[in-house]
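Subject: Structure handover and findings

Hello,

Here is the structure you will be working with. Please keep it open while you go through the notes underneath.

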Amino acid sequence: MSGCSWKTSSRSTQGGQCVQTAGTRGAALIRDSKLGGCSPVLSVAPAAFDRFVSAIKSGRFER
């Protein structure tokens, strides 16, 4: 996944305890920010990622 423009979550702590995302043609990529380039990468369809982000923003996963 070299050459991807990874973005770190705005909610990430100074220790990097969060996730990074990148987009490619046809895929949304997600990795652990603590591991950076050594992290396994999860690849999902962009529409599925958009639905996931919308669910987070709506509070669907809040307890």
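The notes below go from the overall fold to the largest pocket, the salt bridge and three single residues.

Please bear in mind that this is a predicted model.

Overall fold

The protein contains 1 helix and 4 strands. In sequence order these elements give the pattern β-β-β-β-α. The C-alpha trace extends over about 35 × 30 × 15 Å along its principal axes. Of the 63 residues in the protein, 24% are buried. The accessible surface amounts to about 4900 Å², and carbon and sulfur atoms account for 52% of that surface. If one takes the contacts between residues at least 6 apart in sequence, 10% of them connect residues at least 24 apart.

Largest pocket

The volume of the largest pocket is about 350 Å³. Its lining is made up of 13 residues, and the ones nearest the centre are S9, V19, F49, V53 and I56. Which elements supply at least two residues each to this lining? They are β1 (7–8), β2 (19–24) and α1 (46–57). Helix α1 provides the largest share, with 5 residues. Sorted by class, the lining consists of 7 nonpolar, 3 polar and 3 charged residues.

Salt bridge

The structure has 1 salt bridge. The partners are D32 and K34, whose closest N and O atoms lie 3.2 Å apart. Are these two residues buried or exposed? Neither label applies: D32 has a relative accessibility of 24% and therefore counts as partly exposed, and K34, at 46%, is also partly exposed. The cut-offs behind this are under 20% for buried and over 50% for exposed.

Three residues to look at

S39 sits in the loop between β3 (27–32) and β4. Its relative accessible area is 8%, so S39 is buried. Apart from neighbours within four places in sequence, S39 makes contact with R31 and D32. D32 is also the residue that pairs with K34 in the salt bridge. For a distance to check on screen, S39 and C4 are separated by 35 residues in sequence and by 13 Å in space, C-alpha to C-alpha.

L42 belongs to strand β4, which covers residues 42–44. With 48% relative accessibility, L42 is classed as partly exposed. Which residues does L42 contact once its neighbours within four places in sequence are set aside? They are A28, L29 and I30. L42 can also be compared with I56, one of the residues nearest the pocket centre. The two are 14 residues apart in sequence, and their C-alpha atoms are 18 Å apart in space.

A48 is part of helix α1, the element that gives the pocket lining its largest share. Its relative accessibility is 31%, so A48 is partly exposed. Between A48 and A28 there are 8.7 Å in space, C-alpha to C-alpha, for a separation of 20 residues in sequence. A28 is also among the residues that L42 contacts.

If you have time for a short look, please start with the pocket and its 13 lining residues, then go to the D32 and K34 pair, and finish with the loop that holds S39.

Regards

Definitions and conventions
Residues are numbered from 1 along each chain as its sequence is written. This is a predicted model: local features need pLDDT of at least 70, side-chain atom pairs count only at pLDDT 80 or more; totals for chains, interfaces and linings use all residues. Side-chain values use heavy atoms; hydrogens and water are left out. On a 1 Å grid over the protein atoms alone, a cavity is a set of points where a 1.4 Å probe fits but cannot get out, and a pocket is an open set with protein on both sides within 12 Å along at least five of seven lines; lining residues have an atom within 4 Å of a point. Grid points are joined across faces, edges and corners, and a volume is the space filled by probe spheres set on the points. Ala, Val, Leu, Ile, Met, Phe, Trp, Tyr, Cys and Pro count as nonpolar, Asp, Glu, Lys and Arg as charged, and the others, Gly among them, as polar. A salt bridge is a side-chain nitrogen of Lys or Arg within 4 Å of a carboxyl oxygen of Asp or Glu. Buried means under 20% relative accessible area, exposed over 50%, partly exposed in between (1.4 Å probe, protein chains only). Contact means heavy atoms within 4.5 Å. Accessible areas come from the Shrake-Rupley method with a 1.4 Å probe; for residues, only the protein chains shown count as cover.
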